Amino acid sequence: MRWHWSKLGLDRLTHRTDAVERDGDTLVVRRRVAPAATDAGYQVVYRWQRDGDGLLLAATLTPEGTWPVPIARLGLAFELPASLERVSWFGRGPGEAYPDTGLATRVGAFSATIEELQTPYVFPQENGQRAGVRHATLTGADGRGVRITGEPEFGLTVRRWSTAELDAARHRPELTAGDRVHVIVDLAQHGIGSGSCGPGTLPRYELRAGQASIRLRFDPV
């Protein structure tokens with residue numbers, strides 16, 4: 001599928017802000033996220049609202065145009081300070097899990113450093129997602145950080161390099177920590193499949209473009 005995703009332009013999305021509005025105590029941001037030179041895209045509405053010391057985000061994602069193939073993933077990406085070191089989460093673990101993998105995982109409370117979350121495949125590739133996460137806390141050496149709570153549960157990926165940097169790397173030493181921690185909160189992902197030694201992703205694990213929504217809460221710790 002990677003060839004199809006690259007041809008469609010999913011590895012080089014454009015983000016256009018169409019409106020920033022205030023609705024009472026809610027900040028509403030409307031954006032279009034899409035590959036260049038195509039009618040396929042997503043209209044995304046972010047609704048930010050303060051709640052005590054926390055921050056609420058309600059995001060609605062609506063597809064438009066023609067999507068000829070399944071998509072790779074559907075989610076939100078954030079950048080946080082590089083001083084964060086450890087991730088504690090309640091969800092599936094302790095290892096990585098994707099829609100068609102992870103039978104060895106179980107639901108529980110787990111904790112790991114950001115480095116321990118990575119699966120060191122010989123050839124750098126997508127890895128390290130923790131599935132079915134209800135809430136996760138990212139902290140630094142001083143114990144301070146941020147707690148992310150989701151509704152519904154979400155897939156969580158935390159790395160010291162961006163997805164683009166991971167995609168460009170051909171050897172593990174090419175992946176070096178930067179000045180940000182990259183956090184991806186996925187609503188859904190395409191299945192891994194077994195194309196390296198067998199068939200591709202089974203139809204029930206394909207991710208087709210469709211409307212989705214998620215509510216996240218960010219709290220300081």
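A cavity here is a set of grid points where a 1.4 Å probe fits but cannot get out. Keep that in mind for the first stop on this tour, and keep in mind too that the model is predicted.

## A closed space and an open one

Let's start inside. Rolling a probe the size of a water molecule over the atoms shows where empty space is left. In this model, the count comes to one cavity of 30 Å³ or more, and the largest cavity has a volume of about 40 Å³.

What lines the largest cavity? Its walls are made by Val-87, Trp-89, Leu-117, Gly-128, Arg-130, Leu-156, Thr-157 and Val-158. Sorted by class, that lining holds five nonpolar, two polar and one charged residues. Two strands each supply at least two residues of it: β6, running over 84-93, and β9, running over 145-159. Strand β9 provides the largest share, three residues.

Then there is the second largest pocket, which holds about 250 Å³ of space. Its lining counts 16 residues, and those nearest the centre of the pocket are Pro-99, Gln-129, Leu-187, Ala-188 and Gln-189. By class, this lining has eight nonpolar, four polar and four charged residues. Strands β8 (130-140), β9 and β10 (180-189) each supply at least two residues here, with β10 giving the most, four residues.

## Strand β9 and its partners

You've now met β9 in both linings: it supplies at least two residues to the cavity and at least two to the pocket. Which strands does β9 pair with? Strand β8 is one partner, joined to β9 by seven bridges. Strand β11 (residues 212-220) is joined to β9 by six bridges, and β10 is joined to β9 by five. Here are the three pairings side by side.

| Pair | Bridges | Direction | Residues standing opposite |
|---|---|---|---|
| β8 and β9 | seven bridges | antiparallel | Thr-137 and Arg-147 |
| β9 and β11 | six bridges | antiparallel | Thr-149 and Arg-217 |
| β9 and β10 | five bridges | antiparallel | Gly-155 and Asp-186 |

The β8 and β9 pair also forms a hairpin, with four residues between the strands. In that turn sits Gly-143, which has a positive phi of about 80°.

## Salt bridges

On to charges. Side chains of opposite charge can pair when their charged atoms come close. How many salt bridges does the model have? The count comes to 15.

Arg-2 and Asp-167 make one of them, with their closest N and O atoms 2.9 Å apart. Arg-2 belongs to helix α1 (residues 2-8) and Asp-167 to helix α2 (residues 163-168), so this pair ties together parts that are 165 residues apart in sequence. Both ends have some access to the outside: Arg-2 is partly exposed at a relative accessible area of 44%, and Asp-167 is partly exposed at 35%.

Another salt bridge joins the side chains of Glu-126 and Arg-159, at 3.0 Å from N to O. Glu-126 lies in the loop between β7 (106-113) and β8, while Arg-159 lies in β9, so the parts tied together are 33 residues apart in sequence. Is Arg-159 buried or exposed? Its relative accessibility is 1%, and buried means under 20%, so Arg-159 counts as buried. Glu-126, at 25% relative accessibility, counts as partly exposed. This pair doesn't stand alone either: Arg-73, Glu-126, Arg-159 and Asp-186 are linked in a network of salt bridges. You've seen Asp-186 already, as the residue in β10 standing opposite Gly-155.

Arg-217 is another returning name, as the β11 residue opposite Thr-149. The side chains of Arg-217 and Asp-219 meet in a salt bridge at 2.7 Å, N to O. Asp-219 is buried, with a relative accessible area of 16%, whereas Arg-217 is partly exposed at 24%.

## One last stop in the loop

The loop between β7 and β8 is home to Glu-126, and Val-122 is found there as well. With 71% relative accessibility, Val-122 counts as exposed. Where does Val-122 stand relative to Arg-172? The two residues are 50 residues apart in sequence and 6.9 Å apart in space, C-alpha to C-alpha.

Terms used
Residues are numbered from 1 along each chain as its sequence is written. This is a predicted model: local features need pLDDT of at least 70, side-chain atom pairs count only at pLDDT 80 or more; totals for chains, interfaces and linings use all residues. Side-chain values use heavy atoms; hydrogens and water are left out. On a 1 Å grid over the protein atoms alone, a cavity is a set of points where a 1.4 Å probe fits but cannot get out, and a pocket is an open set with protein on both sides within 12 Å along at least five of seven lines; lining residues have an atom within 4 Å of a point. Grid points are joined across faces, edges and corners, and a volume is the space filled by probe spheres set on the points. Ala, Val, Leu, Ile, Met, Phe, Trp, Tyr, Cys and Pro count as nonpolar, Asp, Glu, Lys and Arg as charged, and the others, Gly among them, as polar. Two strands pair if DSSP finds at least two bridges between them. A salt bridge is a side-chain nitrogen of Lys or Arg within 4 Å of a carboxyl oxygen of Asp or Glu. Buried means under 20% relative accessible area, exposed over 50%, partly exposed in between (1.4 Å probe, protein chains only).
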